[in-house]
Structure formats: structure tokens, C-alpha cells
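I am opening my notebook for a friendly look around a new structure. Let me write down what I look up, one entry at a time.

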Amino acid sequence: DQVKERVAQLRTRAPVCTNGQQTKVTLSNPCDDGDFLIFAGLSCLGGEIGQCSYIAQSQDQSGRFWRSPLRVNNDPTNAFSRDMALGILAYAAKTKDAPTLERWVAYVREHDGKMCPVATDNRCDIFRGIRTLTKIVGNKIGANIDWGNLSVSSQDAYAAELYGTIQYGISGFPLHLGAVQLLILEEVGITSTYWIDVARNALNDRQPNNALFAHIARRDDLA
């Protein structure tokens with residue numbers, strides 16, 4: 001009961017945009033939703049089911065996803081990124097919404113691996129790791145994931161690469177993205193393989209005082 005009480009209190013304090021979606025607040029923007037999709041995906045995974053619907057609302061009729069519902073058809077440049085793609089996969093893992101995932105994959109496949117048409121760098125290119133994780137999630141929720149000529153790795157090869165990124169990559173947001181991928185895998189029931197186990201431990205070893213990383217490594221007593 002205490003936990004429920006505290007969660008209810010936190011909800012009243014959490015910043016939201018005018019449509020009710022969660023957001024962050026900056027001095028210049030009370031609804032800074034440029035990174036909305038990945039954080040909404042995490043909220044959705046954590047049981048904030050109300051936020052799941054906003055992810056679905058971020059997809060247009062063509063199957064393309066945008067950064068938030070408020071940006072659909074209103075974000076000409078850098079309108080997506082691989083970080084945001086993890087929000088889609090978190091949503092799909094939690095809700096088992098196979099049709100939404102299939103439509104997105106079809107859009108990206110038909111646009112030569114581009115998640116958005118105009119970007120100042122390669123942020124809209126979908127890399128093999130994300131394609132592989134999409135395939136893994138799709139298989140677990142009954143979605144027909146067809147990347148066409150775009151290659152995917154085996155589950156073990158993907159997990160080994162994820163471990164390498166966590167163990168040897170730079171600190172900061174890449175570690176957070178690694179943590180998100182481990183949470184997505186856990187949601188679809190992939191919780192204990194050699195590479196997943198060492199990736200979890202590496203995540204916690206890199207930042208031992210991070211409560212989320214400790215939870216993922218099953219070291220909650222350190223959090």
C-alpha cells in the first residue's frame with residue numbers, strides 16, 4: 001500500500017504535455033518531447049500502461065514512427081533515431097502488439113533501412129543490432145518480421161556484441177541504451193544465457209552505484 005501511495009504521488013508531480021504524455025521540462029520548453037519514445041517505452045515496460053498508448057499514437061498510417069504523438073507529420077529533419085527505436089521494441093515487448101511492429105518493419109524495409117527520410121547524420125539508419133533485436137522480439141510476440149535484404153545476426157552474436165558495447169564502450173548514454181536492451185530481452189523471456197549474464201554483470205561493474213544497473217544485474221542489495 002505504501003508503494004502504491006508513493007507511485008500515485010509521483011504521478012501527480014511528473015511533468016506532462018498538454019495531451020497527457022510524459023515529458024521533460026527545460027527552461028525554454030515545458031514539453032520537451034524529442035526523446036519521448038525511449039522513455040515512454042521504459043515507462044510502459046515498468047507498468048505505466050497509460051504511456052504505452054502514446055507510443056502507438058506516434059506511428060502514422062504509413063507505418064513510420066515519429067518521436068512523439070505531437071510530432072507526427074511535424075518534424076522535418078532528424079525526426080527519429082536508433083534510441084527511439086528501442087522505445088518501439090519496449091512497447092512491443094510489453095503489449096505484444098505484433099501488427100504495429102510489423103507495419104514499422106515494413107516501412108523501414110521499403111525505405112532502404114531508413115527510419116526517417118531526412119537527417120544530418122546516420123541516426124535514421126537502422127543498424128543490424130536493432131534489426132536483430134526486432135527479430136527476437138517479433139519471434140517472441142508472434143510478429144512476422146521480414147527485413148528482406150537487410151541482414152540480422154544470430155541471438156548469440158547479437159548478445160555478444162551487446163556485451164562488448166557495455167564492457168568496452170564509452171560511459172554515459174551508451175550504457176543506458178545497453179540497459180534498455182537487456183530489459184527488453186527480459187520482458188520477452190530471455191533472461192539467462194552466457195552473453196546476457198556477462199553483459200548484466202559488466203553493466204553493473206561499469207557503474208556500481210546505478211540503481212537501475214544493479215537491478216538488471218540482480219544486485220538489488222547494492223541499490
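**Entry 1: aromatic pairs**

How many aromatic pairs does the structure hold? I looked them up in this predicted model, and the structure holds 5 of them.

I started with Phe36 and Tyr54. Their ring centres are 6.5 Å apart and their planes stand at 85°, so I noted the pair as edge-to-face. The pair links distant parts of the chain, since Phe36 belongs to helix H2 and Tyr54 to helix H3, 18 residues apart. Both Phe36 and Tyr54 are buried.

Next I turned to Trp104 and Trp147. Here the centres lie 6.3 Å apart with the planes at 85°, so this pair is edge-to-face. Trp104 sits in helix H5, while Trp147 is in the loop between helix H6 and helix H7, 43 residues along the chain from its partner. Are these two rings buried or exposed? Trp104 has a relative accessible area of 0% and Trp147 has 3%. Buried means under 20%, so I count Trp104 as buried and Trp147 as buried.

I also found one aromatic cluster, formed by Tyr163, Tyr168, Tyr194 and Trp195.

**Entry 2: charges over rings**

Which residue lies over the face of Trp66? I found Arg64 there, at 3.7 Å from the ring centre. I noted Arg82 as well, which lies over the face of Phe127 at 3.8 Å from the ring centre.

**Entry 3: helix H2**

Phe36 made me curious about its helix. H2 runs over residues 36-45 and is mostly covered, with 8 of its 10 residues buried. Among the buried ones are Phe36, Leu37, Ile38 and Ala40, and the list goes on with Gly41, Ser43, Cys44 and Leu45. What do they pack against? I looked, and the partners are helix H3 (49-56), helix H4 (82-95) and helix H8 (173-187). Just after H2, I saw that Gly47 takes a positive phi of about 105°.

**Entry 4: the nonpolar core**

Which residues touch the most other members of the largest nonpolar core? That core has 62 residues, and my answer is Phe80, Leu101, Trp104, Val137 and Ile184. H4 gives the largest share of the core, 9 residues.

I picked Val137 to follow up. Leaving aside neighbours within four places in sequence, Val137 is in contact with Leu89, Ala92, Ala93, Leu101, Ile184 and Val188. A general reminder for myself: in soluble globular proteins, nonpolar side chains tend to be buried together.

Notes: Residues are numbered from 1 along each chain as its sequence is written. This is a predicted model: local features need pLDDT of at least 70, side-chain atom pairs count only at pLDDT 80 or more; totals for chains, interfaces and linings use all residues. Side-chain values use heavy atoms; hydrogens and water are left out. Buried means under 20% relative accessible area, exposed over 50%, partly exposed in between (1.4 Å probe, protein chains only). Helices (H or I, at least four residues) and strands (E, at least two) are DSSP runs, numbered from the N terminus. Contact means heavy atoms within 4.5 Å. Rings of Phe, Tyr and Trp (its six-membered ring) pair if their centres lie within 6.5 Å; planes under 30 degrees apart count as stacked, over 60 as edge-to-face and the rest as tilted. A charge sits over a ring if NZ of Lys or CZ of Arg is within 6 Å of the ring centre and within 35 degrees of the ring normal. A nonpolar core is a set of buried Ala, Val, Leu, Ile, Met, Phe, Trp, Tyr and Cys residues joined through side-chain atoms within 4.5 Å.
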